[in-house]
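User: Could you take a close look at one small part of this protein for me? I'd like to know what sits around it and how that spot ties in with the rest of the fold.

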Amino acid sequence: VILRFGAFSYVLLDDTLEQRVAERTQALQIASAALHETGERYRPLFDGSLDAIFSLDADERFKAANPAALRLIARTLEELKTIPFWTSARRSARKSVRHGIPRRLCRQGFAIDTAFVTVTGERRDLFISGDTGDPGRKVVGISCIARDITQRIQDRRCVASQRSSLSGTHS
């Protein structure tokens with residue numbers, strides 16, 4: 001009697017596990033389809049944005065970048081995937097960029113002003129904000145938006161220079 005009861009409970013357990021696996025598989029398929037649909041829905045926004053949007057992996061290497069990011073940094077996505085994010089910064093800003101996104105801060109948003117140098121040697125002043133979007137868990141990547149503020153910086157320098165010139169002539 002005990003063996004039969006034991007055999008019966010094992011069969012029941014196998015059926016229950018199979019049912020749970022089937023339910024879990026179905027739930028994962030539904031979630032995967034929903035995620036794919038969401039990605040497709042927001043893809044035009046990602047591709048058409050005037051701001052540079054990119055994501056980095058846990059090693060701070062580029063994982064994805066929209067066309068505006070590729071134009072801004074003047075590299076292909078394949079090139080970007082081979083280099084750490086901070087190496088695109090101008091030499092004097094590399095330390096601040098490298099430490100501007102430290103792993104200990106990756107569980108909260110960040111914002112940095114920096115300058116990157118394109119492959120052609122052109123300097124681009126950038127405002128970059130980002131977040132892991134996954135608080136409380138292991139950081140697996142960082143999502144960022146960058147805005148080219150080169151013209152704004154140049155305009156500020158020009159205004160400051162003009163003010164300085166004007167204040168010097170009226171003293």
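Analyst:
**A close look at Ala64**

Leaving out residues up to four places away in sequence, Ala64 touches Ile53, Phe54, Ser55 and Leu77. Keep in mind that this is a predicted model. Ala64 itself belongs to strand 2, a strand that covers residues 62-65. Is Ala64 buried, exposed or in between? Its relative accessibility is 27%, so Ala64 counts as partly exposed; the cut-off for buried is under 20%. Another residue to look at here is Lys81, 17 residues along the chain from Ala64, with 8.2 Å between the two C-alpha atoms.

Now for the open space at this spot. Ala64 is one of the residues that line the largest pocket, together with Gly39, Tyr42, Arg43, Phe46 and Ser55. Ser55 turns up twice, then, as it is also a contact of Ala64. The pocket holds about 300 Å³ of space. Which element gives the most to its lining? That's helix 1, residues 2-48, with four residues.

Next, the core. In general, nonpolar side chains in soluble globular proteins tend to be buried together. Here the largest nonpolar core has 19 residues, and the ones that touch the most other members are Phe54, Leu56, Phe62, Phe85, Ile128 and Cys144. Phe54 is the link back to your spot, being one of the residues Ala64 touches. Strand 2 is among the elements that give two or more residues to this core, and so are strand 1 (52-57), helix 2 (67-73), strand 3 (110-117), strand 4 (123-131) and strand 5 (141-148).

Cys144 is a handy place to see several of these parts meet. Not counting residues up to four places away in sequence, Cys144 is in contact with Ala52, Ile53, Phe54, Leu56, Phe110, Ile128, Ser129 and Gly130. Ile53 and Phe54 are on the contact list of Ala64 too.

How are the strands put together? Strand 1 and strand 5 run antiparallel and are joined by six bridges, with Leu56 standing opposite Ile142. Strand 5 also pairs with strand 4, again antiparallel and through six bridges; in that pair Phe127 stands opposite Arg147. Strand 4 in turn is joined to strand 3 by eight bridges, antiparallel once more, and Val117 stands opposite Arg123 there. Strands 3 and 4 form a hairpin with five residues between them, and Gly121 in the turn has a positive phi of about 90°.

A little further along from Ala64 comes Ala74, in the loop between helix 2 and helix 3 (77-80). Ala74 is at 33% relative accessibility, so this alanine also counts as partly exposed. Setting aside neighbours within four places in sequence, Ala74 is in contact with Thr118 and Val119. Ala74 and Glu122 lie 48 residues apart along the chain, with their C-alpha atoms separated by 9.3 Å.

Zooming out, the protein has five helices and five strands, in the order α-β-β-α-α-α-β-β-β-α along the sequence. Buried residues make up 29% of its 171 residues. Among contacts with a separation of 6 or more, 41% come from residues 24 or more positions apart. The accessible surface is about 12200 Å², with 56% of that belonging to carbon and sulfur atoms.

Technical notes:
Residues are numbered from 1 along each chain as its sequence is written. This is a predicted model: local features need pLDDT of at least 70, side-chain atom pairs count only at pLDDT 80 or more; totals for chains, interfaces and linings use all residues. Side-chain values use heavy atoms; hydrogens and water are left out. Buried means under 20% relative accessible area, exposed over 50%, partly exposed in between (1.4 Å probe, protein chains only). Contact means heavy atoms within 4.5 Å. Accessible areas come from the Shrake-Rupley method with a 1.4 Å probe; for residues, only the protein chains shown count as cover. A nonpolar core is a set of buried Ala, Val, Leu, Ile, Met, Phe, Trp, Tyr and Cys residues joined through side-chain atoms within 4.5 Å. Two strands pair if DSSP finds at least two bridges between them. On a 1 Å grid over the protein atoms alone, a cavity is a set of points where a 1.4 Å probe fits but cannot get out, and a pocket is an open set with protein on both sides within 12 Å along at least five of seven lines; lining residues have an atom within 4 Å of a point. Grid points are joined across faces, edges and corners, and a volume is the space filled by probe spheres set on the points.
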